[in-house]
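Colleague: I'm new to this one and would like a close look at a single part. Could you pick a helix and walk me through how its buried side fits in with the rest?

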Amino acid sequence: MSRQILVIGDVMTDVIVMPEGPIVRGSDRRAKVRSRPGGSGANQAVWLGAMGAEVGLVARVGADERLMYENYFRGLGVVPFLAGDKELPSGALVTIVDPDGERSFLTDRGANLNLGAEDLPERLLDGLGMVVVSGYSLFAAGPRVAVMDFMAKARGRGVTVVVDPASEGFLREVGPDQFLGWTAGADWIFANQDEAEALCGATELDVQMRLLGAHYTNVVIKRGRLGAALGGKDGVKLTREAPVVTVVDSTGAGDAFAAGFMAAQVDGATMDVALSRAIEAGGRAVRAVGGQPE
(Lines give C-alpha, C1' and ligand atoms only; values in the text may rest on other atoms or scores of the structure.)
Protein backbone atom coordinates (compact mmCIF):
# COMPACT_ATOMS: atom_id res chain seq x y z
CA MET A 1 0.00 0.00 0.00
CA SER A 2 1.18 3.51 -0.85
CA ARG A 3 1.93 5.61 2.23
CA GLN A 4 0.02 8.60 0.84
CA ILE A 5 -3.24 9.44 2.64
CA LEU A 6 -5.86 11.97 1.55
CA VAL A 7 -8.35 13.29 4.11
CA ILE A 8 -11.65 14.83 2.99
CA GLY A 9 -13.36 16.81 5.71
CA ASP A 10 -14.19 20.09 7.35
CA VAL A 11 -11.81 22.88 8.27
CA MET A 12 -13.23 24.94 11.12
CA THR A 13 -12.22 27.63 13.53
CA ASP A 14 -12.55 25.93 16.91
CA VAL A 15 -13.61 28.13 19.82
CA ILE A 16 -13.08 26.04 22.96
CA VAL A 17 -14.88 27.16 26.11
CA MET A 18 -14.01 25.62 29.50
CA PRO A 19 -16.33 27.17 32.14
CA GLU A 20 -15.34 26.94 35.80
CA GLY A 21 -18.80 25.59 36.66
CA PRO A 22 -22.35 25.30 35.34
CA ILE A 23 -23.34 27.99 32.86
CA VAL A 24 -25.59 30.60 34.50
CA ARG A 25 -28.36 31.47 32.08
CA GLY A 26 -28.65 35.23 31.62
CA SER A 27 -25.49 35.99 33.62
CA ASP A 28 -21.71 35.45 33.73
CA ARG A 29 -19.48 32.45 34.35
CA ARG A 30 -15.69 32.63 34.33
CA ALA A 31 -14.15 30.42 31.69
CA LYS A 32 -11.03 29.71 29.69
CA VAL A 33 -11.66 30.48 26.01
CA ARG A 34 -9.25 29.41 23.28
CA SER A 35 -9.48 29.74 19.49
CA ARG A 36 -7.54 27.68 16.95
CA PRO A 37 -7.93 25.93 13.58
CA GLY A 38 -9.84 22.66 13.88
CA GLY A 39 -12.51 20.47 12.32
CA SER A 40 -12.64 16.67 12.28
CA GLY A 41 -10.94 16.25 8.91
CA ALA A 42 -8.35 18.91 9.72
CA ASN A 43 -7.62 17.32 13.09
CA GLN A 44 -7.07 13.89 11.55
CA ALA A 45 -4.77 15.34 8.90
CA VAL A 46 -2.68 17.26 11.45
CA TRP A 47 -2.35 14.19 13.69
CA LEU A 48 -1.29 12.13 10.67
CA GLY A 49 1.28 14.78 9.77
CA ALA A 50 2.63 14.75 13.33
CA MET A 51 3.04 10.98 13.03
CA GLY A 52 5.13 11.31 9.89
CA ALA A 53 2.49 10.22 7.40
CA GLU A 54 2.36 11.63 3.86
CA VAL A 55 -1.00 13.37 4.11
CA GLY A 56 -3.09 15.80 2.12
CA LEU A 57 -6.31 17.57 3.11
CA VAL A 58 -9.23 18.50 0.85
CA ALA A 59 -11.60 21.11 2.25
CA ARG A 60 -13.24 24.46 1.56
CA VAL A 61 -12.61 27.66 3.52
CA GLY A 62 -13.52 31.32 3.26
CA ALA A 63 -11.59 32.94 0.39
CA ASP A 64 -10.10 35.59 2.69
CA GLU A 65 -8.58 32.92 4.96
CA ARG A 66 -7.34 30.46 2.37
CA LEU A 67 -3.70 31.59 2.42
CA MET A 68 -3.61 31.59 6.22
CA TYR A 69 -4.94 28.05 6.40
CA GLU A 70 -2.61 26.81 3.65
CA ASN A 71 0.41 28.13 5.53
CA TYR A 72 -0.91 26.69 8.79
CA PHE A 73 -1.31 23.18 7.43
CA ARG A 74 1.97 23.18 5.50
CA GLY A 75 3.72 24.09 8.74
CA LEU A 76 2.26 20.95 10.33
CA GLY A 77 3.28 18.52 7.60
CA VAL A 78 -0.04 18.52 5.72
CA VAL A 79 -0.36 19.24 1.98
CA PRO A 80 -3.44 21.50 1.67
CA PHE A 81 -5.87 21.19 -1.23
CA LEU A 82 -8.10 24.04 -0.11
CA ALA A 83 -10.69 25.89 -2.16
CA GLY A 84 -11.48 29.48 -1.27
CA ASP A 85 -15.20 30.19 -1.08
CA LYS A 86 -16.36 33.71 -1.99
CA GLU A 87 -19.91 33.21 -0.69
CA LEU A 88 -19.49 31.71 2.78
CA PRO A 89 -16.93 32.26 5.55
CA SER A 90 -14.84 29.47 7.00
CA GLY A 91 -16.74 27.14 9.29
CA ALA A 92 -16.79 27.71 13.04
CA LEU A 93 -17.34 25.37 15.95
CA VAL A 94 -17.95 26.33 19.57
CA THR A 95 -17.01 23.52 21.96
CA ILE A 96 -18.19 23.74 25.57
CA VAL A 97 -16.10 21.42 27.76
CA ASP A 98 -17.56 20.10 31.02
CA PRO A 99 -15.29 19.66 34.08
CA ASP A 100 -15.14 15.89 33.34
CA GLY A 101 -13.91 16.53 29.79
CA GLU A 102 -17.19 15.78 28.01
CA ARG A 103 -18.10 18.20 25.22
CA SER A 104 -21.09 19.86 23.62
CA PHE A 105 -20.90 21.51 20.20
CA LEU A 106 -22.44 24.44 18.35
CA THR A 107 -21.63 24.14 14.65
CA ASP A 108 -21.68 26.53 11.70
CA ARG A 109 -20.14 24.62 8.79
CA GLY A 110 -19.82 27.71 6.61
CA ALA A 111 -17.79 27.22 3.42
CA ASN A 112 -17.60 23.47 4.00
CA LEU A 113 -21.20 23.28 2.76
CA ASN A 114 -20.07 24.32 -0.74
CA LEU A 115 -17.51 21.52 -1.27
CA GLY A 116 -18.08 20.26 -4.80
CA ALA A 117 -16.79 18.08 -7.61
CA GLU A 118 -14.37 20.79 -8.75
CA ASP A 119 -12.62 20.45 -5.39
CA LEU A 120 -12.11 16.69 -5.87
CA PRO A 121 -10.45 16.13 -9.26
CA GLU A 122 -9.63 12.50 -9.99
CA ARG A 123 -5.92 13.33 -10.24
CA LEU A 124 -5.85 13.49 -6.44
CA LEU A 125 -6.08 9.68 -6.50
CA ASP A 126 -2.77 9.32 -8.36
CA GLY A 127 -0.30 7.44 -6.15
CA LEU A 128 -2.75 7.41 -3.26
CA GLY A 129 -2.93 4.53 -0.80
CA MET A 130 -5.87 5.63 1.35
CA VAL A 131 -8.70 8.15 1.27
CA VAL A 132 -10.35 9.12 4.56
CA VAL A 133 -13.86 10.58 4.48
CA SER A 134 -15.26 12.48 7.45
CA GLY A 135 -18.98 11.98 7.92
CA TYR A 136 -19.43 15.74 8.02
CA SER A 137 -18.73 15.75 4.28
CA LEU A 138 -21.82 13.60 3.72
CA PHE A 139 -24.44 15.35 5.84
CA ALA A 140 -25.23 18.05 3.25
CA ALA A 141 -26.48 17.21 -0.25
CA GLY A 142 -23.97 19.18 -2.33
CA PRO A 143 -20.75 17.86 -0.77
CA ARG A 144 -22.27 14.38 -0.47
CA VAL A 145 -22.70 13.96 -4.24
CA ALA A 146 -19.11 14.99 -4.91
CA VAL A 147 -17.62 12.90 -2.11
CA MET A 148 -19.60 9.76 -2.98
CA ASP A 149 -18.43 10.04 -6.60
CA PHE A 150 -14.83 10.40 -5.43
CA MET A 151 -15.20 7.39 -3.12
CA ALA A 152 -16.50 5.28 -6.01
CA LYS A 153 -13.54 6.30 -8.18
CA ALA A 154 -11.16 5.47 -5.32
CA ARG A 155 -12.63 1.98 -4.92
CA GLY A 156 -12.43 1.50 -8.69
CA ARG A 157 -8.71 2.22 -8.55
CA GLY A 158 -8.06 -0.06 -5.57
CA VAL A 159 -7.50 2.78 -3.10
CA THR A 160 -8.43 1.93 0.50
CA VAL A 161 -11.51 3.91 1.61
CA VAL A 162 -11.97 4.81 5.29
CA VAL A 163 -15.15 6.35 6.71
CA ASP A 164 -15.50 8.17 10.03
CA PRO A 165 -19.18 8.87 10.92
CA ALA A 166 -18.02 11.92 12.93
CA SER A 167 -21.31 12.94 14.59
CA GLU A 168 -23.95 10.89 16.38
CA GLY A 169 -26.33 13.85 16.28
CA PHE A 170 -26.13 14.28 12.52
CA LEU A 171 -26.31 10.49 12.02
CA ARG A 172 -29.63 10.37 13.83
CA GLU A 173 -30.82 13.45 11.94
CA VAL A 174 -30.21 11.97 8.47
CA GLY A 175 -31.07 8.42 9.53
CA PRO A 176 -28.77 5.40 9.81
CA ASP A 177 -30.09 3.69 6.67
CA GLN A 178 -29.23 6.75 4.62
CA PHE A 179 -25.68 6.93 5.95
CA LEU A 180 -25.12 3.20 5.48
CA GLY A 181 -26.34 3.51 1.91
CA TRP A 182 -23.96 6.37 1.20
CA THR A 183 -20.89 4.61 2.62
CA ALA A 184 -21.47 0.83 2.28
CA GLY A 185 -18.55 -0.93 0.66
CA ALA A 186 -15.86 1.14 2.37
CA ASP A 187 -12.86 -0.85 3.55
CA TRP A 188 -12.91 0.61 7.08
CA ILE A 189 -15.25 2.41 9.41
CA PHE A 190 -14.10 4.07 12.64
CA ALA A 191 -17.10 4.66 14.91
CA ASN A 192 -17.41 5.44 18.59
CA GLN A 193 -19.90 3.56 20.77
CA ASP A 194 -22.70 6.10 20.31
CA GLU A 195 -22.21 6.24 16.55
CA ALA A 196 -22.16 2.44 16.32
CA GLU A 197 -25.40 2.23 18.28
CA ALA A 198 -27.01 4.92 16.13
CA LEU A 199 -26.02 3.08 12.94
CA CYS A 200 -27.14 -0.42 13.88
CA GLY A 201 -29.52 -0.01 16.84
CA ALA A 202 -27.59 -2.47 19.02
CA THR A 203 -25.71 -1.87 22.26
CA GLU A 204 -23.75 -5.15 22.57
CA LEU A 205 -20.26 -4.88 21.11
CA ASP A 206 -20.13 -8.15 19.18
CA VAL A 207 -23.58 -7.52 17.68
CA GLN A 208 -22.49 -4.05 16.58
CA MET A 209 -19.44 -5.58 14.91
CA ARG A 210 -21.48 -8.12 12.99
CA LEU A 211 -24.13 -5.66 11.87
CA LEU A 212 -21.63 -3.02 10.76
CA GLY A 213 -19.49 -5.75 9.20
CA ALA A 214 -22.34 -6.44 6.80
CA HIS A 215 -21.61 -3.03 5.25
CA TYR A 216 -17.87 -2.50 5.77
CA THR A 217 -14.92 -4.88 5.38
CA ASN A 218 -13.32 -3.85 8.68
CA VAL A 219 -14.94 -2.23 11.70
CA VAL A 220 -13.19 -0.36 14.52
CA ILE A 221 -15.27 0.77 17.49
CA LYS A 222 -13.81 3.36 19.84
CA ARG A 223 -14.98 2.70 23.39
CA GLY A 224 -13.52 5.63 25.31
CA ARG A 225 -12.19 4.59 28.71
CA LEU A 226 -12.83 0.94 27.77
CA GLY A 227 -10.34 1.06 24.90
CA ALA A 228 -11.26 -0.14 21.44
CA ALA A 229 -12.21 -3.19 19.42
CA LEU A 230 -11.67 -4.36 15.85
CA GLY A 231 -13.69 -6.86 13.87
CA GLY A 232 -16.18 -7.33 11.08
CA LYS A 233 -19.03 -9.53 9.89
CA ASP A 234 -17.77 -12.44 12.04
CA GLY A 235 -17.77 -10.35 15.21
CA VAL A 236 -15.02 -9.02 17.47
CA LYS A 237 -11.54 -10.16 16.51
CA LEU A 238 -9.34 -7.96 18.68
CA THR A 239 -9.71 -5.71 21.72
CA ARG A 240 -7.34 -3.41 23.57
CA GLU A 241 -7.83 -1.65 26.89
CA ALA A 242 -7.16 2.05 27.33
CA PRO A 243 -4.67 3.34 29.90
CA VAL A 244 -6.00 5.41 32.79
CA VAL A 245 -5.31 9.09 32.04
CA THR A 246 -6.49 12.44 33.36
CA VAL A 247 -8.98 13.81 30.85
CA VAL A 248 -8.59 17.54 30.24
CA ASP A 249 -10.50 17.82 26.96
CA SER A 250 -11.77 14.95 24.82
CA THR A 251 -12.00 17.11 21.67
CA GLY A 252 -10.25 15.36 18.80
CA ALA A 253 -9.55 12.14 20.71
CA GLY A 254 -11.36 10.08 18.08
CA ASP A 255 -9.51 11.89 15.30
CA ALA A 256 -6.16 11.19 16.98
CA PHE A 257 -7.17 7.56 17.49
CA ALA A 258 -8.03 7.09 13.81
CA ALA A 259 -4.84 8.84 12.73
CA GLY A 260 -2.75 6.61 14.97
CA PHE A 261 -4.29 3.51 13.46
CA MET A 262 -3.98 4.67 9.85
CA ALA A 263 -0.40 5.90 10.24
CA ALA A 264 0.56 2.51 11.64
CA GLN A 265 -1.32 0.69 8.90
CA VAL A 266 0.37 2.47 5.99
CA ASP A 267 3.70 1.77 7.70
CA GLY A 268 2.90 -1.95 7.51
CA ALA A 269 2.13 -2.55 11.20
CA THR A 270 -0.01 -5.50 12.26
CA MET A 271 -3.61 -4.90 13.33
CA ASP A 272 -2.83 -5.35 17.02
CA VAL A 273 0.06 -2.88 16.84
CA ALA A 274 -2.10 -0.40 14.90
CA LEU A 275 -4.86 -0.66 17.51
CA SER A 276 -2.38 -0.11 20.34
CA ARG A 277 -0.92 2.96 18.61
CA ALA A 278 -4.42 4.30 18.02
CA ILE A 279 -5.31 4.02 21.71
CA GLU A 280 -2.01 5.64 22.66
CA ALA A 281 -2.74 8.58 20.34
CA GLY A 282 -6.25 8.98 21.73
CA GLY A 283 -4.80 9.03 25.24
CA ARG A 284 -2.40 11.79 24.26
CA ALA A 285 -5.22 13.85 22.81
CA VAL A 286 -7.40 13.95 25.91
CA ARG A 287 -4.57 15.24 28.10
CA ALA A 288 -4.48 18.64 26.36
CA VAL A 289 -6.94 21.33 25.29
CA GLY A 290 -7.97 21.27 21.62
CA GLY A 291 -8.28 18.67 18.90
CA GLN A 292 -4.72 18.76 17.54
CA PRO A 293 -1.32 17.78 18.96
CA GLU A 294 0.51 20.45 20.89
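Modeller: Here is a walk around helix H2, followed by a short look at the core and at some other helices.

Keep in mind that this is a predicted model. Helix H2 covers residues 66-74, and its buried residues are Tyr-69, Glu-70 and Phe-73. If you look down the axis of H2, those buried residues fall within an arc of 100°, so they line one face of the helix. That fits a general pattern: an α-helix has 3.6 residues a turn, so residues three or four places apart point the same way.

What does that face pack against? The partners of the buried residues of H2 are helix H1 (40-50) and four strands: E2 (12-19), E3 (31-38), E4 (54-62) and E5 (78-85).

Let's take Glu-70, which sits in helix H2. Its relative accessibility is 11%, and the cut-off for buried is under 20%, so Glu-70 counts as buried. Leaving aside residues up to four places away in sequence, Glu-70 touches Pro-80 and Leu-82.

Leu-82 turns up again if you move over to Val-11. Not counting residues up to four places away in sequence, Val-11 touches Leu-82 along with Tyr-69 and Phe-73. Its other contacts are Gly-38, Ala-42, Leu-57, Ala-59, Val-61, Gly-91 and Asn-112.

Val-11 and Phe-73 also lead us to the largest nonpolar core, which has 43 residues. Both are among the residues with the most contacts inside that core, together with Ile-5, Leu-48, Phe-190 and Met-262. Helix H8 (residues 253-266) gives the most to this core, with ten residues. There is also a second, separate core of 39 residues, and it includes Ile-8, Ala-146, Ala-154 and Ala-166. In soluble globular proteins, nonpolar side chains tend to be buried together.

While we're on helix H8, have a look at Val-266, which is found there. With a relative accessibility of 6%, Val-266 counts as buried. Its C-alpha atom is separated by 16 Å from that of Asp-126, and the two residues are 140 apart along the chain.

One last stop is a pair of helices, H6 (residues 193-200) and H7 (residues 205-213). They pack at an angle of about 60°, with their axes 10 Å apart. H6 and H7 are therefore oblique to each other, and their crossing is left-handed. On the H6 side the contact is made by Gln-193, Ala-196, Glu-197, Leu-199 and Cys-200, while H7 brings Gln-208, Leu-211 and Leu-212.

Terms used. Residues numbered from 1 in each chain as written. Predicted model: local features only at pLDDT ≥ 70, side-chain atom pairs only at ≥ 80, totals over all residues. Heavy atoms only, no water. Core = buried A, V, L, I, M, F, W, Y, C linked by side-chain atoms within 4.5 Å. Buried < 20%, exposed > 50% of the residue type's maximum accessible area, 1.4 Å probe, protein only. Helix = DSSP H or I, 4+ residues; strand = E, 2+ residues; numbered from the N terminus. Contact = heavy atoms within 4.5 Å. Arc of directions from axis to C-beta. Axes fitted to C-alpha atoms, helices over the stretch in contact; angles between N-to-C directions. Parallel < 35°, antiparallel > 145°, perpendicular 65-115°, else oblique. Left-handed = near helix turned anticlockwise from the far one by under 90°.
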